[in-house]
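Got a minute to walk through a model together? Take a look at the structure first, and then we'll trade questions.

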Amino acid sequence: MPVETETLPLSRDDPEWFTVLYDRYAEDIHRYIAGRLGRESADDLTADVFLVAFRKRATFDPARGAVKPWLYGIATKVVSRHRRSEGRRLKALFRMSAEDATDGHEDHVAARVAAQRAGPELARAINGLSQAERDVLFLTALGGLSYQEVAEALGIASGTVGSRLNRAKRELRRVLGGVNPAKEN
Amino acid sequence: MEEIEIVKQMFTEPKPSPSVLAVGRERVVRGTRGRTRRRAAPFWAAGVALGAAAATVAVVTVGSGGSGAPTTRSAIRLSAAQEVLAGAARNAERQAALNPQPSQWVYYRLVGYDPKRQDHVYKYEGWERLDARQDASRIEGRIVVHGPRNPGPEVYTPLGAWRRLAGLPTEPRKMLAALRDQPGLSPDDADSPDERAFANAGELLWNSPLGAPPKVQSALYRALGTLPGIRVDKSPDAVGEPAVGLSLPHTQEILFDPRTYQYLGARVVSDGVQKKRPQPPAGLSATKRKAWEQQGANYRVPPAGTLVSSQLRTLVKLVDKPGNR
């Protein structure tokens, strides 16, 4: 795994480094938080993630991992402080009509149709997952992190990532089974 | 990974707007700077005169260059526009708080440029009642008061604009949202929400010779500082006063004194874009319609970069009656 800091010629203690990090990752972190808590919250909390990162910069060890999972780990902690609003958001999604469900890209039509049809069920299933399973699921789906990166972000073994993700997927498959046109059973 | 893809589809929100990201960036810059300066101070306090002035806001000496490694290490990169606006915010904070009343007057000196006048550059001094019902000027040594008259829309009166500004929220994102939505002001060229906020800010500042309560005025400048893409025009003003102008693509320039960062006025520079003429009103006779179309053909937009007009208030004072200065 490449250590991204090596490409940044700035010291970890340099505030400039955090504006560089912000410019590079703010949009990704915003997307992750917005997906879990909604856009309004993401507008406020994205900068918080970088400020927390700055305060905790001593805990970042470039030898142990990359910047990206470190930031996503902090973002996940920030999200967990707003667990209630995540719950509210998921409950609102239970009730959402199919047209509102998503605005995906053409190349994911099958996934979009499935998401639209299954939206409320899916939200209910995700709400039924444990916090730990939800973290793994959203870091993978919204952050696009690999097993290894999720493990770094959450400070757990990558085997644990695998088992949590598998359980999450199993739950989702259960509710998608009946409505997913791309799936036979 | 199909379940993952479906979750991604369902939960992905649209990208944040540039101004949201810029507000966050400003917070990160502010939040990270304070701490490190304290840590760094003993390090190089000897060589660099990091006095109280530099310690308040991040202007420091970015861009003026040549002051060696310590400055470039500690300074946050502010754009040239942010430097001007940070300076303007500090200047605004230092102004006295006013409590203007409708029956009071504002005395002002104005320098303007207008190519349609016989003398392109003109100077003027006068008084205006804060409710805009009367104004006054000095004619052959005597103070002549004009009015009373209908003051027109409130947001174009000195006190109306002052009050509109005074009511703005000071949190940057809320400030920008409020500036975007200003009833009664019509920046018709503004192309985007950011441009609308900037244009409305310029208009309110011009309409209010007394500015705004110091807290609001400095918050307004800081909020503008979070907008991406502000251009800085340092060319000397046609009226002969030094001025630095800030603008977004389809807005007027807001002018500041380059030394004190005091607000000065507004400048219009042509963008060279021929505006689309509105459709002729319905029901015109054939002759009138033809006249309408020809009028359009005669209308020429000056080439891009041409100065269209410039107005600077070089002195403004709250007084109790006309004649006072």
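What follows is a short chat about helix packing, burial and the core.

Reader: Before we start, how are things numbered, and what kind of model is this?
Author: Residues count from 1 along each chain as its sequence is written, while chains are lettered from A and ligands numbered from 1 in the order in which they are written. Local features need pLDDT of at least 70, side-chain atom pairs count only at pLDDT 80 or more, totals for chains, interfaces and linings use all residues, and the model is predicted.

Reader: At what angle do the axes of helix α7 and helix α8 of chain B cross?
Author: Helices here are DSSP runs (H or I, at least four residues), numbered from the N terminus. Axes are lines fitted to C-alpha atoms, for helices over the stretch in contact, with angles from 0 to 180 degrees between N-to-C directions. The axes of α7 (residues 172-180) and α8 (residues 193-207) of chain B come within 7 Å, crossing at roughly 80°.

Reader: How many residues of helix α6 of chain A are buried?
Author: Buried means 20 or more other C-beta atoms, placed from the backbone, within 10 Å of the residue's own. Among the buried residues of α6(A) are A:L137 and A:F138. Helix α6 (residues 131-141) is mostly covered, the buried count being 8 of its 11 residues.

Reader: Which residues have the most contacts inside the largest nonpolar core?
Author: A nonpolar core is a set of buried Ala, Val, Leu, Ile, Met, Phe, Trp, Tyr and Cys residues joined through C-beta atoms within 7 Å. The largest one has 107 residues, and the most contacts inside it belong to A:L71 and A:A75.

Reader: Which helix gives the largest share of this core?
Author: The share is 11 residues. They come from residues 15-37 of chain A, helix α1.

How values were computed
Helix = DSSP H or I, 4+ residues; strand = E, 2+ residues; numbered from the N terminus. Buried ≥ 20, exposed ≤ 12 C-beta atoms within 10 Å, placed from the backbone.
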